[in-house]
Amino acid sequence: MARAALGLGGVWVHEHRAAAEAGVVRARQLHALSVIDPRSSLALRLRVRLCAEDDYRSGRHDRILEILAQVRGTGDPVALAEALSLAHHCVLGPAEGAIRLELAEELISQAAHTARRGDLLMGLMWRTADLFMAADPHAERSLTELRSVLAGGEHLAVGFVAGAMEVMLSIRAGRFAQAESMAATCAERGDLAGDVDALGWYCEHLGTIRWYQGRIGELVEVISDLAHSPIHSAVDSTYLAALAVAAATAGEYRLAVHMLARVLGRDLSDLPHSSSWLPTMYCVVEAAYLLHDTEAAARAYTLLSPFADLPVISSLGVTCLGSVHHSLATSALTVGDVDRAVDHFRKAIRANQALGHWPAAILSRWRLGHALARGHGSGHGGEARRELARAEQEALSLGMELPSEKDPPAEDAVAICTCRRRGRAWQIELQGRAVVVENRIGMRHLATLIANPGREIPAADLAVGAGAVPHDSFSSQPIIDSVAKRTFTDRLAQLQEDIDDSESMNDLERATSLRRERDWLIDELTTATGLKGRMREFTGSDERARVAVSKAVKRAISRITEIDPVVGAHLDETVETGHRCCYRPRLDRRGA
């Protein structure tokens with residue numbers, strides 16, 4: 001019974017995430033401990049397991065290191081090997097690199113005494129993860145050695161981790177398509193191993209790829225589901241912080257603010273320094289930058305400063321977001337300390353090049369160019385243009401989409417919106433703020449007005465398509481014809497079948513993408529048809545066009561206001577509707 005209770009813990013710490021399940025396992029282990037000889041090896045191993053579980057959940061490691069010292073004195077090689085591995089799992093914070101490496105090296109040596117191949121593999125795996133987290137130039141050599149030992153016989157748990165590290169390296173190299181394919185294969189290995197992190201690690205891989213592709217906003221729904229899932233570590237806030245970034249990028253302002261506030265809590269320093277701490281802080285900094293939260297950025301800078309020379313790596317080498325210098329630079333830029341930001345961005349570029357992380361190096365160079373442009377009064381204008389041009393060229397070679405970077409508006413500047421299609425939605429930008437709104441008829445009118453600031457456009461022209469036809473030549477015509485309607489209806493049926501298939505195969509990203517297309521088609525049909533499915537027509541009446549366009553534009557602005565009140569207020573003040581409509585941006589004297 002004691003052996004079974006010990007085995008319930010699994011290979012890693014905190015494999016049982018749901019509170020009810022974890023409670024049952026703990027109760028069985030405590031019961032087993034109470035009925036066996038307390039001096040036995042099994043009792044010692046059970047105490048080590050229970051101590052490691054307690055320390056991990058509380059973000060501590062003092063008790064597991066204390067009992068590890070006791071185990072060393074027993075001369076029990078199996079208990080010592082297990083204690084070394086479990087203790088290593090409790091010291092994955094950025095400040096414990098030296099302790100981790102010592103534990104991994106000791107475990108490798110201890111494997112010779114246990115004669116258990118799994119102990120050797122675990123030691124090599126931990127050592128490889130340690131070297132990656134320390135930005136050691138020989139980390140890949142260690143991964144090669146681990147792979148050579150795995151070639152002698154599969155070990156599902158260790159093989160899964162090694163595969164995750166290889167996905168990370170592929171992302172670093174900018175091979176996004178290859179990395180995405182490898183991530184799917186790695187997730188299958190994780191499922192085969194029964195690893196509770198299989199889905200989470202796949203989403204970390206995919207999220208990192210989408211971040212550097214400029215498409216993280218597509219994953220809002222997926223990340224939201226993960227952020228509230230009980231399968232993730234009790235000390236992991238990465239998904240909440242990542243959701244803040246994805247939502248801010250997608251223009252979902254309130255959701256982004258809400259998620260960032262949840263991570264910040266009463267004090268950002270309360271976050272446990274686990275293996276997910278640096279990735280969480282990276283996302284906090286990016287969200288603060290996108291939301292102009294100077295207080296959060298300043299606090300993050302203080303907390304991250306001691307770890308400036310480390311890479312931002314999650315878990316056991318699952319994914320990498322480049323040098324901590326990049327986050328320090330972004331924090332400094334958010335609070336307006338341009339000189340400090342420039343210094344950190346230069347260091348980030350060099351550090352990312354040393355890592356072989358080309359997407360991170362490109363992003364740091366892009367931000368450096370914009371930081372230099374802000375400080376152009378110091379004579380950096382030419383250098384800023386060179387850095388921006390180089391970043392754009394390198395991004396193009398990797399298929400990266402660089403983020404939109406807006407400098408603070410100058411005093412007495414005119415605040416002007418821009419509006420562009422983003423897939424089947426519209427993205428409105430204003431002075432660094434971005435709002436993504438689902439497609440609707442009013443957004444089309446609004447996009448036309450924003451594209452022609454100061455120009456009066458007849459409502460009748462907007463009603464039939466951006467003034468392409470002189471308004472005195474209108475004729476009664478449907479917005480979409482019967483052929484288009486039939487095509488839309490057929491496509492809706494096919495989409496529903498594809499959505500059902502994707503959900504049955506647990507392909508969440510594809511299902512989400514298909515649902516967006518379905519919703520867009522439904523919106524197209526709704527706006528184009530009247531009662532009982534009859535096609536709507538514009539009859540040539542200027543008054544009817546005025547009413548229809550005015551209502552549609554107001555609904556669109558109301559929707560924008562729900563997402564971002566600042567952008568909504570700007571449009572409410574500057575968009576005029578009536579028989580003639582116009583977007584009239586006004587002088588903004590608020591400055592930055």
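Helices here (H or I, at least four residues) are DSSP runs, numbered from the N terminus. I jotted that down before opening anything else.

**Ground rules.** I am working with a predicted model, where local features need pLDDT of at least 70 and side-chain atom pairs count only at pLDDT 80 or more, while totals for chains, interfaces and linings use all residues. Residues are numbered from 1 along each chain as its sequence is written, and side-chain values use heavy atoms, with hydrogens and water left out.

**Entry: helix 6.** I looked up residues 97–114, the 18 residues of helix 6. The expected span of a helix is 1.5 Å times one less than its number of residues. That makes 26 Å for helix 6, and its end C-alpha atoms sit 25 Å apart, so the two agree.

Which residues of helix 6 are buried? I found Arg-100, Leu-103, Ala-104, Leu-107, Gln-110, Ala-111 and Thr-114. Buried means under 20% relative accessible area, exposed over 50%, and partly exposed in between (1.4 Å probe, protein chains only). The cover over these buried residues includes helix 4 (62–72), helix 5 (77–89) and helix 7 (117–133). Right after helix 6 I met Ala-115, which has a positive phi, near 60°.

**Entry: salt bridges.** Side chains of opposite charge can pair when their charged atoms come close. A salt bridge needs a side-chain nitrogen of Lys or Arg within 4 Å of a carboxyl oxygen of Asp or Glu. How many salt bridges does the structure hold? I got 31.

I started with Arg-49 and Glu-53, whose closest N and O atoms are 3.0 Å apart. Both belong to helix 3 (residues 41–58), and because they are four residues apart, about one helical turn separates them. Arg-49 and Glu-53 are both buried.

Next I checked Asp-55 and Arg-63, which meet in a salt bridge at 2.9 Å, N to O. Asp-55 is buried, with a relative accessible area of 0%, whereas Arg-63 is partly exposed at 31%.

Then came Arg-365 and Glu-387, a salt bridge at 2.7 Å, N to O. Arg-365 lies in helix 19 (residues 358–374) and Glu-387 in helix 20 (residues 381–398), so this pair ties together parts that are 22 residues apart in sequence. I noted Arg-365 as buried, at 6% relative accessibility, and Glu-387 as buried too, with 13%.

Last, I traced a network: Arg-45, Glu-82, Arg-116 and Asp-119 are joined into one by salt bridges that share partners.

Note on methods
Helix = DSSP H or I, 4+ residues; strand = E, 2+ residues; numbered from the N terminus. Contact = heavy atoms within 4.5 Å.
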